[in-house]
Amino acid sequence: MKHFPIFLAVEGRRIVLSGGGDAALAKLRLLLKTEAHLTVFAPTPAPEIEDWAAAGRLRLVRRAMEPGDTLCAKLFYAADEDRVEDARTAAIASADGALVNIVDNLGDSQFITPAIVDRDPVTVAIGTEGAAPVLARAIKADLEERLPASLGTLARLGKAFRRAVEILPMGRRRRDFWADYYFTSGPRALEQGGEDEIKITLQALLDKHEIKPEREGHVAFVGAGPGDPELLTLKARKALDAADVVIHDRLVTPEILELARREAVLIDAGKEGFGPSMSQDDINALIVTHAKTGAQVVRLKGGDPTIFGRLDEEIDAVSEAGIGWHVVPGITAASASVAAIGQSLTKRGRNASARLLTGHDMKGFADQDWRALARVGEVAAIYMGKKSARFIQGRLIMQGADRTTPITVIENASRPDQRILATTLDALPSALTKADFTGPALMFYGLSPRETQASLAQIQQQELA
Ligand code: SAH
């Protein structure tokens, strides 16, 4: 180890930086996280530095550094990105007694700045002694993803509670308490009620761990997004990481199920288009039964669980059973599909609202306010609309909709086998028959693929023809 990591006390201390360009900005962004007094010497500072100075976050001196400018400074950064100037300012700072870092010059630097994951007061510093900055960035990205954004707040409040937790025997019981706090109950409480809720939660958690150390079951209703695993939220990933049981529907792709904890039990509660293959009551019972054994259950639903997902029925069943639950939102099919055609769902001057409709409901074809939809400029995302396309077309035309209204159907949005069909209200049923979509498909009424993407859609249409 050629460099020894330490955490330097900088509160109220002086840190000086010379430079006004990109290198200076990168360092300043880090330094501004500290409670140090920052001084920047730059004859031509970048606008961001001017803004920080104007906001009182640092002191800006618009000239080159001179001897004596770094008196009493703890640290000095030479960030002019100019070998000669950096050597000159570094010599001044050294003479003034500051520890010196020359940006991108490891050999002449007395210290290096690590990559930082900031969950103040929890700080993770990553260094590779200049050997592999790429690796440092990858480790940082990995940690950023794994450590909840709320960790800092949780740590601060947790620290104040350490004494109280001493009533639990040392070892496993205490570890379980803190694990529960940092990774489950704490983040949830913070989300629901902020810091006040955390204080209540800490006490309640302690009471719980004091009487019964065994875990309680819980159900997370998690949105799996449209299929691309990269469109999962970090919260969804965490829930999958912690799951004992994952109950998923047909829309959830195998790539996403791969991400569940190795030991997790995967249950397919898949339902076919018309009529469920497992009844809703059976699914509700399945969720409750597993949660009652103390399992962390993830009820994983395609897209966003709050959109055409029969979420309320499942929540009712779970809460009637006295089991805790929470919802993790996901990217709905309409969002992924509209992104695929390069359009936006609402647009100034075209439509100030967009509807999410279902083509069928439990009774069959779903009736909607077709007359309102038939007006010019309306936009609707129609879920589960494949089988009812002819019915929808008929209703809209009957209500006076223009037959040339664009319709775009996106099959398997966000997945490698995504297909786009651009057609019109008039041609919809025949175009759909030709396309013979077998995957989930979302239909946009009133939207066509953006010009620059139209050729792509046409090619696909020709291939289908
Ligand atoms: N909760 C889901 C919707 C469930 S209803 C969500 O928010 O997306 C099921 C319908 O969603 C399918 O019939 C289809 O119309 C649509 N859908 C889901 N995933 C899709 C995808 N990847 N591409 C296109 N449509 C999709």
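So, is Ser150 buried or exposed? Let me start there. This is a predicted model, by the way. Ser150 sits in the loop between α4 (133-146) and α5 (151-159), and you might want to guess before looking. Its relative accessibility comes out at 16%, and the cut-off for buried is under 20%, so Ser150 counts as buried. Leaving aside residues up to four places away in sequence, Ser150 touches Pro187 and Leu190.

Okay, let's zoom out to the layout. The domain assignment splits the protein into domain 1 (14-113), domain 2 (150-211), domain 3 (218-331) and domain 4 (334-458). If you take the C-alpha centres of domain 1 and domain 2, they are 41 Å apart.

Now the ligand, which I suspect is what you came for. Which domains does the shell around the ligand draw at least three residues from? Domain 3 (218-331) and domain 4 (334-458), each of them. There are 18 residues around the ligand, and the ones that come nearest are Asp304, Ile307, Thr332, Ala413 and Ala441. By character, the shell divides into twelve nonpolar residues, four polar and two charged.

For the polar side of things, look at the backbone. A ligand nitrogen is 3.0 Å from a polar backbone atom of Gly302. A ligand oxygen is 2.9 Å from a polar backbone atom of Met384. And an oxygen of the ligand is 2.7 Å from a polar backbone atom of Ala441. How much area does the ligand expose when taken alone? That would be 540 Å², and the protein buries 93% of it.

Next, backbone geometry. As a reminder, most residues other than glycine have a negative phi, and most peptide bonds are trans. Here are some spots to click on with that in mind.

Start with Phe308. Phi of Phe308 is near 45°, so to speak on the positive side, and this is a residue other than glycine. Phe308 lies in the loop between β11 (296-301) and α11 (311-320). With a relative accessible area of 39%, Phe308 is partly exposed.

Then go to Asn412. Asn412 isn't a glycine either, but its phi is positive, about 55°. You'll find Asn412 in the loop between β17 (406-411) and β18 (419-424). Asn412 has a relative accessible area of 7%, which means it counts as buried.

And which residues does a cis peptide bond join? Asp120 and Pro121, with omega at about 10°. Pro121 is in the loop between β6 (115-119) and β7 (122-126).

While we're on loops, have a look at Asn351, in the one between α12 (333-340) and β13 (355-358). Asn351 is buried, because its relative accessible area is 5% and buried means under 20%. The side chains of Asn351 and Arg350 are joined by a polar contact of 2.8 Å. Not counting residues up to four places away in sequence, Asn351 touches Leu345, Thr346, Gly377 and Val379.

Last stop, back towards the beginning of the chain. Arg13 is in the segment before β1 (14-18). Arg13 has a relative accessible area of 38%, so it goes down as partly exposed. Arg13 touches Ala36, His37 and Lys74, again not counting residues up to four places away in sequence. From Arg13 to Ile139 you go 126 residues in sequence and 30 Å in space, C-alpha to C-alpha.

Leu31 is in helix α1 (residues 22-31). At 7% relative accessible area, Leu31 is buried. With residues up to four places away in sequence left out, Leu31 touches Ile15, Leu17, Leu38 and Tyr77. Between Leu31 and Ile267 there are 49 Å in space, C-alpha to C-alpha, and the two are 236 residues apart in sequence.

And where is Gln192? In helix α7 (residues 172-211). The cut-off for exposed is over 50%, and Gln192 has a relative accessible area of 56%, so Gln192 is exposed. Gln192 and Ala435 are 46 Å apart, C-alpha to C-alpha, with their places 243 residues apart in sequence.

That's my tour, thanks.

Notes. Residues numbered from 1 in each chain as written. Predicted model: local features only at pLDDT ≥ 70, side-chain atom pairs only at ≥ 80, totals over all residues. Heavy atoms only, no water. Near = heavy atom within 4 Å. Polar contact = N/O pair within 3.5 Å; in protein donor to acceptor, adjacent residues only side chain to side chain. Areas by Shrake-Rupley, 256 points an atom, 1.4 Å probe, with all protein chains shown as cover. Nonpolar A, V, L, I, M, F, W, Y, C, P; charged D, E, K, R; others polar. Domains from an automatic or database assignment. Helix = DSSP H or I, 4+ residues; strand = E, 2+ residues; numbered from the N terminus. Buried < 20%, exposed > 50% of the residue type's maximum accessible area, 1.4 Å probe, protein only. Contact = heavy atoms within 4.5 Å.
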